[in-house]
Amino acid sequence: MGAATEATRTEVVLAGYGPVGQAFVDRLARDGETLALRHGVRPRVAAVRASDAQCAPGGDGPLPPRSKWEPLRPLDETFDRTGARVFVQAVPSSPGLRERAVQEAVTALRRGIHVVTATKSHLLTHWRELDAAARAGGSMIRISGATGAALPAGDLSRTSLRGLDCRTIRACPNGTVTFVLDRLADGDTLNDAIRAARLRGIAEADPSADLSGEDAATKVRLLAALAWGWDPAEVRVRAQPVDGSTAARALDAASRSRRLRAVAGASLAEPGIVRVRLEETEPGDPLHALTGPKKAVVFGCPDAGDVTVSGGRSSPVGAALALVRDTVEVTAPRTGFG
């Protein structure tokens with residue numbers, strides 16, 4: 001693009017204004033000019049919807065204080081008022097909010113409005129319904145923020161592996177558990193390791209989904225759905241947790257220059273199964289090279305060679321950047337090398 005004024009203006013409706021939603025709004029406000037120059041599209045948050053209230057920012061200005069928000073309006077009405085092209089979901093991935101997340105995503109998709117989501121719960125249970133709604137409306141749904149925050153593993157699964165005959169997925173997609181395992185290998189107790197993760201802002205207040213393997217399994221279920229068309233609702237999970245007995249294993253592995261990792265995997269040889277195992281990894285293994293809260297996914301392609309993606313920050317900012325990336329991806333004009 002030659003100038004920001006030539007960029008396509010894209011109205012966005014955002015659902016959820018917690019840490020991720022706030023970071024998303026801040027990023028679009030900060031980086032709008034850059035996105036316009038580099039990608040030919042300038043997304044603008046036209047409305048923000050929380051659990052019981054919503055607001056419409058004035059122009060490109062900041063959001064009004066929460067006391068100035070109006071009562072929540074029907075979503076269809078909000079879409080009509082804003083002319084939105086993208087509906088962004090940054091609501092918590094909780095069972096209690098699942099049905100609302102499904103209904104709102106389906107409403108948007110059937111209207112031809114693209115959905116960009118960091119919310120996982122409805123993807124796990126209503127994948128087929130969401131896909132059908134997108135096809136009916138001629139719209140797209142993108143889930144980078146649900147498959148590893150700033151780690152672009154979802155993009156690889158969805159498009160970049162086409163034709164490479166990917167046969168396996170092997171991943172450490174949860175930075176909290178990798179950090180905890182490294183601390184156990186250094187001699188910490190499990191409680192001390194969790195406490196250190198919380199102090200660094202790595203672990204949630206309740207890290208049970210991380211330590212049980214549930215979060216890692218969820219991400220691999222979604223990656224397998226993108227890569228192979230599996231329905232996440234039909235995938236069976238078999239997970240080995242990190243618990244009080246894990247410290248001895250981590251110390252023993254470290255004594256032999258190995259690192260214990262919680263590895264989530266899926267294979268075309270075992271359709272519909274995701275396993276999370278505590279594995280000893282050796283030097284040379286991309287998952288062995290991870291330190292602290294870093295993440296990685298290895299896509300096994302026998303003839304093309306393994307494809308590995310690693311890094312990507314697990315944080316509200318990382319998840320918000322994934323939402324920005326997907327918003328640009330579904331709206332930017334595509335010609336030439338674009």
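How many bridges join E8 to strand E12, and in which sense do the two strands run? Select residues 296-300 for E12 and show its backbone next to E8: five bridges join them, and the strands run antiparallel. We will come back to this pair shortly. Please keep in mind throughout that you are looking at a predicted model.

**Stop 1: the whole chain**

Zoom out first and color by secondary structure. The protein chain comes to twelve helices and 13 strands. Along the principal axes, its C-alpha atoms fill a box of roughly 60 × 45 × 40 Å. For 338 residues, a compact globule would have a radius of gyration near 20 Å, so the 21 Å of this chain agrees with that expectation.

**Stop 2: the seven-stranded sheet**

Now pick out the sheet that includes E1. Seven strands make up this open sheet, and reading across it gives the order E4-E3-E2-E1-E5-E6-E7, with mixed pairing. At its edges you will find strand E4 (70-71) and strand E7 (141-142), each of which pairs on one side only.

Next, select residues 86-89 and 114-117. These are strands E5 and E6, which pair in the parallel sense over four bridges. Label phenylalanine 87 and look across to E6, where valine 115 stands opposite.

With the sheet still in view, add residues 75-82. This is helix H2, lying across strand E1 (8-15), strand E2 (41-49), strand E3 (53-55), E4 and E5. Compare its direction with that of E2: H2 runs at about 140° to this strand.

**Stop 3: the six-stranded sheet**

Move on to the sheet that holds E8 and E12. Six strands form it, in the order E9-E11-E10-E8-E12-E13; the sheet is open and its pairing is mixed. Strand E9 (236-239) and strand E13 (307-310) are the edge strands, each pairing on one side only. From one strand to the next, the twist averages 20°.

Where does E8 sit in this order? Between E10 and E12, and both pairings are worth a look:

- Toward E12, select isoleucine 169, which stands opposite phenylalanine 299.
- Toward E10, show residues 168-172 (E8) with residues 259-267 (E10): they pair in the antiparallel sense over four bridges. Here arginine 170 has glycine 265 of E10 as its bridge partner.

One step further along, select residues 273-281 for strand E11. E10 and E11 pair in the antiparallel sense over eight bridges. Label arginine 259 to find one of these bridges; its partner in E11 is threonine 281.

Two helices can now be added to the view. Helix H11 (residues 246-255) packs on the sheet and touches E10 and E11, its direction making about 105° with that of E10. H7 lies across E8 and E10, and runs at about 150° to E10.

**Stop 4: H7 and H8**

Keep H7 (residues 175-185) selected and add H8 (residues 190-199). The two helices pack at an angle of about 130°, with their axes 9 Å apart, and are therefore oblique to each other. H7 passes H8 in a right-handed crossing. Show side chains for Phe179, Val180, Arg183 and Leu184 of H7, then for Leu190, Ala193, Ala196 and Ala197 of H8, and you have the contact. By class, these residues divide into seven nonpolar, no polar and one charged.

**Stop 5: H6 and H10**

Select residues 153-160 for H6 and 214-228 for H10. Their axes lie 7 Å apart at an angle of about 20°, so H6 and H10 are roughly parallel to each other. The crossing is again one to view along both axes: H6 passes H10 in a right-handed sense. Ala153, Gly154, Ser157 and Arg158 of H6 make the contact with Leu223, Leu226 and Ala227 of H10. Four of these residues are nonpolar, two polar and one charged.

**Stop 6: H1 and H12**

Finish with residues 19-39 (H1) and 316-331 (H12). Their axes come within 9 Å and cross at roughly 45°; the two helices are therefore oblique to each other. This crossing is right-handed. On the H1 side, show residues including Pro19, Phe24, Arg27 and His39; on the H12 side, Pro316, Leu321, Val324 and Thr327 are among those they meet. The residues of the contact divide into 14 nonpolar, two polar and one charged.

Technical notes. Residues numbered from 1 in each chain as written. Predicted model: local features only at pLDDT ≥ 70, side-chain atom pairs only at ≥ 80, totals over all residues. Heavy atoms only, no water. Axes fitted to C-alpha atoms, helices over the stretch in contact; angles between N-to-C directions. Parallel < 35°, antiparallel > 145°, perpendicular 65-115°, else oblique. Left-handed = near helix turned anticlockwise from the far one by under 90°. Contact = heavy atoms within 4.5 Å. Nonpolar A, V, L, I, M, F, W, Y, C, P; charged D, E, K, R; others polar. Pairing = 2+ DSSP bridges. Rg over C-alpha atoms; globule rule 2.2 N^0.38 Å.
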